Amino acid sequence: METHELKRRLRRDRDTLAIVGLGVMAFGVWSVIRAVVTFVLQIPELREQYAETGNANAVIILSGVAILLLLAVDLRLRFYIWRSARAEGLRGERKTGYLFAAGVLAFVSAATLGFILLAALGTNEAVVEAAKTSDGVGVSSFIVELTSLVTLVDMIAASVRVKRMTRELEEREG
């Protein structure tokens, strides 16, 4: 491959990193919306379930705090990935830690997709019951989660290509 063509591909993949990094952050907004809606819809069921013990309010508050902590970790991780991918894409900074974080998010996303498929197929009673008590995961949730996974994988692949092409260009230019 010619040096000119390699530089063109490198610019394209760097642009991809910057854009897809923003997409990762946008899917964080989806995570927040889904978690809040799910929690709000579960409040009446939690009240009913723990009404006899008198701890319903405490359970709801503790659940809310736990969800907020998980969302904070998720958003912080996505923010780190977005900033690092953007820095690599726009300024050529060489960072690799965010790829591990993106891999973790991709694994969680793949596991969520597996859960959605198991719930849709209805093969395991425990999974089906958990799906009934969740947010009624549907086709739209599956599509959004699949798109999130594809975005993460695309970002990881673009980062690997950028690193490889940068190394090759440095070797060519001495």
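In this predicted model, Val-29 comes out as partly exposed, with 48% relative accessibility. Val-29 sits in helix H1, and together with Ile-33, Val-37 and Leu-41 it makes up a nonpolar surface patch of about 360 Å².

Helix H1 itself runs over residues 3-50. With 48 residues, H1 covers 67 Å between its first and last C-alpha, close to the 70 Å expected at 1.5 Å a residue. The helix isn't straight throughout, though: there is a bend of about 40° at Ile-43, with a proline, Pro-44, following within four residues.

Charged pairs come next. The salt-bridge count for the model is 9. One of these joins Glu-5 to Arg-9, with 3.2 Å between the closest N and O atoms. Both partners belong to H1 and are 4 residues apart, about one turn of the helix. An α-helix has 3.6 residues a turn, so residues three or four places apart point the same way. Neither partner is tucked away in full: Glu-5 is partly exposed at 23% relative accessible area, and Arg-9 is partly exposed at 32%. The pair also has company, as Glu-5, Arg-8 and Arg-9 are linked in a network of salt bridges.

A second salt bridge puts Arg-161 and Asp-13 together, the closest N and O atoms being 3.0 Å apart. Here Arg-161 belongs to helix H5 (residues 139-173) and Asp-13 to H1, so this contact ties together parts that are 148 residues apart in sequence. The two ends of the bridge also sit in unlike surroundings as far as accessibility goes: Arg-161 counts as partly exposed at 26%, whereas Asp-13 counts as buried at 2%. Asp-13 falls in the buried class because the cut-off for that label is under 20% relative accessible area.

Helix H2 has a salt bridge of its own, between Arg-78 and Asp-74, with the closest N and O atoms 3.2 Å apart. As with Glu-5 and Arg-9, Arg-78 and Asp-74 are 4 residues apart in one helix, about one turn. In terms of cover, Arg-78 and Asp-74 are both buried.

H2, spanning residues 56-91, also holds an aromatic pair, Phe-79 and Trp-82. The count of aromatic pairs in the model is 1. The ring centres of Phe-79 and Trp-82 are 5.5 Å apart and the ring planes stand at 55°, so the pair is tilted. The tilted label follows because stacked needs planes under 30 degrees apart and edge-to-face needs over 60. Along the helix, Phe-79 and Trp-82 are 3 residues apart, which puts about one helical turn between them. Phe-79 is partly exposed, at 32% relative accessible area.

Finally, there is a contact to note at Gly-103, a residue of helix H3 (residues 97-121). Gly-103 and Ile-156 are 53 residues apart in sequence, yet their C-alpha atoms are 7.9 Å apart in space. Gly-103 counts as partly exposed, with a relative accessibility of 30%.

Note on methods:
Residues are numbered from 1 along each chain as its sequence is written. This is a predicted model: local features need pLDDT of at least 70, side-chain atom pairs count only at pLDDT 80 or more; totals for chains, interfaces and linings use all residues. Side-chain values use heavy atoms; hydrogens and water are left out. Rings of Phe, Tyr and Trp (its six-membered ring) pair if their centres lie within 6.5 Å; planes under 30 degrees apart count as stacked, over 60 as edge-to-face and the rest as tilted. Helices (H or I, at least four residues) and strands (E, at least two) are DSSP runs, numbered from the N terminus. Buried means under 20% relative accessible area, exposed over 50%, partly exposed in between (1.4 Å probe, protein chains only). A salt bridge is a side-chain nitrogen of Lys or Arg within 4 Å of a carboxyl oxygen of Asp or Glu. Patches are made of residues with over 30% relative accessible area and no salt bridge: like charges are joined within 9 Å, nonpolar side chains (Val, Leu, Ile, Met, Phe, Trp, Tyr) within 5 Å. Accessible areas come from the Shrake-Rupley method with a 1.4 Å probe; for residues, only the protein chains shown count as cover. The expected span of a helix is 1.5 Å times one less than its number of residues. The bend at a residue is the angle between axes fitted to the seven residues ending there and the seven starting there.
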